[in-house]
Every structure is written in structure tokens, then in C-alpha cells.
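Here's a quick tour of one model, with a few spots to look up as you read. Keep the viewer open and follow along.

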Amino acid sequence: MVPSTALPRLAVFGEALTDFVRTGADGWRSVAGGACWNVARVAAVLGLPTGWGGAVSEDLFGREIADKSKAAGLDARFLQVVAKPPLLAMVHQLDPPRYFFLGNDSADLAFDEARLPEGWEAACEFAHFGCISLVRQPLGARLVALAQRLHAAGVPVSFDPNCRNLMDEHYPPLFERLAVLAAVLKISDEDLRHIYPALDAGQALARVRALAPGAVLLYTRGGEGMTAFAGDACIEQPAFRVPVADTVGAGDACIGGFLASRLLRPDAGLAAHVRFAAATAAAACTRPGAHAPTRDEVERLLA
């Protein structure tokens, strides 16, 4: 089959990395991951033409990310390979999660948006941003500027803060700068507590909705489901009950599934998009690691 030369409808910007997960006193297992890369893979596997805008290292860790990007169907023109060390996340405890990052002058920071293919902004129907890429400098400042430029040009922006321990007390103003740009904003109950520790959930949600009154807000609560807000509409979506291997990447699958549904099924209503997102998140939980479920896996749950 001849590869498509069409530019992607969804562009996702942010980190890919390698998780080193501790398996015992002296054992570690490496797994390709990264929140924004996960979102992109999910959307691509579901059939949406997607580009992941990021940079990876030339070594075996970068090659694994590049190979899995190709297998998922991500647009190869958006991925950049650079002569820098990899970004690593050392996950030394799983329950509750405990981790730290290794990545001074690493590959992710070298991503250059000027190298993206000509015409990509005109073809882009949604651009997604989030997680630690926005606080890793100098990359973060460039991605915020890119989000602002796309928003000004009329490209809808999607945002998932996906808070990690790099988001310190200085993060709330940055969160709010991105939230005001968002046409779609996904935020979890854990994110809300991290960003607004002095507010209860109702107060924090009200503040976020005031920042982005025109956005679709997806408020996720793990196994308790999610609530979608859009204008005066409020949709409660229970979580699908599935045998859970783990919940790694479930939030990424949720927003990836929502964006794919919205762009691939434009005539479906908000409730249908939210249900599709919940089914995608549930399907991701049935396999270990950040699984990107196929359309068939999601449709079986929806049926």
C-alpha cells in the first residue's frame, strides 16, 4: 500500500520517554511511554491521521519509540531523531506511584517545530498539549507559544495537564494560561487536587469552567467514571466494567479516544463522543502498560 501524503488531522505535541519500572530489589523493566505520545498512538490506532511532534534519541530507547510510532501509523514527518540522550522515568514504586525523571539536555528538549512539514498548520483540525513537556525548558515555553499561535489561527486546542511531580507551586498560572486556550480540556480528580489544593472539587471545577467557558470539559474520576461539561450540558458517563490488567495510560486513552471520535464521527453528539472515550479508556486497562486499543476492541465494549 502506498503511504498517504496527506498531512495529519490531529497533531499532538509533548514528551515520549522510557519508563524504567522496578521489578524487584535488583530488577528493572524498560517500557516506551510518555503521556503525549500515548495520546497520539491511541488516536492513530483508532484510525485518525495523527502526527506526534516530538524528538527522541538515536539509541535503542529512541529506536523503540520510533518503531512503535510507525507500527501505530503515526506520521513519520513529525517525529525527530536527535543526537541527545533519552528522557527516562525511574518508577521505583508502583502502588502508590513513586518516580523521578532523568533528562538533563535530553532528546525531548531538542524538538524543533520549525522542522515540521510545510502546510501542517492548515491541515491541522486539532492540536493537543499536556503533561511534563510544558514544564521542561526550553521546550515548554516553545510549546506554549505554539499553542497560542495555533489558537490565534483558529486551530482548536486540546489540553490535558496530566500532573506529575515536576509541577510545583509555580504550575497553576501555567495551567490557567493553557486552559483559556482550550476547546477541549481533560482534567482528573487528582489533577484538580494537585493544581488547587486549597479548593474542594466543586470550587476547583467552577474555577476551571470559568477559565474556559466555551470548552468541552472532561472531568475524569478513574473507576467512578467521568462528567462532561459543555455550556449548560452536563453528561455523566459511568466507567465500563472490564478485567483490569493495570490503569497505566487510561487517561491518555480517554482523551485520545475523545478526539478520534470527534474528528472521525463529526455527526455524533457529545454523549456519544464521551461514551467512546470511556470505552477507549476501559479497553486500555485490559492490557498491561499504556495499551493503544484498536477500533474493534472499543466497539466490542460499546456493543
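Which residues does phenylalanine 13 touch, not counting residues up to four places away in sequence? Bear in mind that this is a predicted model. Phenylalanine 13 touches Cys36, Gly53, Phe111, Leu116, Trp120, Ala127, His128, Phe129, Gly130, Ser133, Leu143 and Leu146.

Now zoom out to the nonpolar cores. The largest one has 50 residues, and Phe13, Trp120, Phe129 and Phe175 are the ones that touch the most other members. The top contributor to this core is helix 4 (residues 139-152), which puts in 6 residues. There's also a second, separate core, made of 46 residues, with Val242, Ala277, Ala279 and Ala282 among them. As a general backdrop, nonpolar side chains tend to be buried together in soluble globular proteins.

Two polar residues are worth a stop as well, so here is how they sit:

| Residue | Location | Relative accessibility |
|---|---|---|
| Glutamine 93 | strand 6 (residues 88-93) | 32%, partly exposed |
| Aspartate 108 | loop between strand 7 (98-102) and helix 3 (120-123) | 3%, buried |

Why does aspartate 108 count as buried? Its relative accessibility is 3%, and the cut-off for buried is under 20%. Leaving out residues up to four places away in sequence, aspartate 108 touches Ala55, Leu87, Arg136 and Leu139.

Glutamine 93 counts as partly exposed because its relative accessibility is 32%, between the 20% and 50% cut-offs. If you want a distance to check in the viewer, take glutamine 93 and cysteine 163: they are 70 residues apart along the chain, and their C-alpha atoms are separated by 17 Å.

Definitions and conventions
Residues numbered from 1 in each chain as written. Predicted model: local features only at pLDDT ≥ 70, side-chain atom pairs only at ≥ 80, totals over all residues. Heavy atoms only, no water. Core = buried A, V, L, I, M, F, W, Y, C linked by side-chain atoms within 4.5 Å. Buried < 20%, exposed > 50% of the residue type's maximum accessible area, 1.4 Å probe, protein only. Helix = DSSP H or I, 4+ residues; strand = E, 2+ residues; numbered from the N terminus. Contact = heavy atoms within 4.5 Å.
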